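Reader: Hey, got a minute to walk me through this one? I'd like to pick your brain before I head back to the bench.

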Amino acid sequence: MKVVIDAAACDGKGYCKRFAPEVFALDEWGYGRVLVDEVTPEAEANTRAAVEACPLQAIRTV
Ligand code: SF4
């Protein structure tokens, strides 16, 4: 599973990092970014929780 953040939609609430810190970080301006090319099976549940938690629906799995 891959995951992408729509930079135009993200407003830096930081839920993604809170739910899946192994997959997401916040950049110097507080916007979410993806740390990994591929989400490991172990990180999938946290990643899906982050997708659900993002209030802007800015995270998409591909
Ligand atoms: S939770 Fe959504 S809006 Fe917040 S930083 Fe992450 S991607 Fe951006």
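Reader: Where does the ligand sit, cavity-wise?

Author: The ligand takes up the space of the largest cavity. Keep in mind that this is a predicted model.

Reader: OK, and which residues are around the ligand?

Author: Around the ligand you'll find C10, D11, G12, K13, G14, Y15 and C16, along with G32, C54 and I59.

Reader: How does that shell split by class?

Author: The shell has 5 nonpolar residues, 3 polar ones and 2 charged ones.

Reader: You listed D11 and K13 there. What do their side chains do with each other?

Author: The D11 and K13 side chains form a salt bridge, 3.1 Å from N to O. D11 is partly exposed at 37% relative accessibility, and K13 is also in the partly exposed class, with a relative accessible area of 45%.

Reader: How many salt bridges turn up in the whole structure?

Author: Searching the whole structure gives 3 salt bridges. Another one of them pairs the side chains of K2 and E38, at 3.1 Å from N to O.

Reader: And which parts does that pair tie together?

Author: K2 is in the segment before β1 (3–5), while E38 is in the loop between β3 (32–34) and α2, so the salt bridge links parts that lie 36 residues apart in sequence.

Reader: Are K2 and E38 buried, exposed or something in between?

Author: K2 is partly exposed, with 38% relative accessible area. E38 is partly exposed as well, at 42%.

Reader: What about the salt bridge with R48?

Author: R48 meets E44 there, side chain to side chain, at 3.5 Å from N to O. Both residues belong to helix α2 and sit 4 residues apart, which is about one turn of the helix.

Reader: How accessible are R48 and E44?

Author: R48 has a relative accessible area of 45%, so we call R48 partly exposed. E44 comes in at 24%, and E44 is partly exposed too.

Reader: Switching topic: what's up with the phi of Q57?

Author: Q57 has a positive phi, about 50°, even though Q57 isn't a glycine.

Reader: Huh. Where is Q57?

Author: Q57 is in the loop that runs between α2 (44–53) and β4 (59–61).

Reader: Is Q57 buried or exposed in that loop?

Author: Exposed: the relative accessible area of Q57 is 64%, and the cut-off for calling a residue exposed is over 50%.

Reader: Great, that's what I needed. Thanks!

Technical notes. Residues numbered from 1 in each chain as written. Predicted model: local features only at pLDDT ≥ 70, side-chain atom pairs only at ≥ 80, totals over all residues. Heavy atoms only, no water. Near = heavy atom within 4 Å. 1 Å grid on protein atoms, 1.4 Å probe; cavity = no way out; pocket = protein on both sides within 12 Å on 5 of 7 lines; lining within 4 Å. Sits in = over half its atoms within 2 Å of the grid points. Nonpolar A, V, L, I, M, F, W, Y, C, P; charged D, E, K, R; others polar. Helix = DSSP H or I, 4+ residues; strand = E, 2+ residues; numbered from the N terminus. Buried < 20%, exposed > 50% of the residue type's maximum accessible area, 1.4 Å probe, protein only. Salt bridge = Lys/Arg side-chain N within 4 Å of Asp/Glu carboxyl O.
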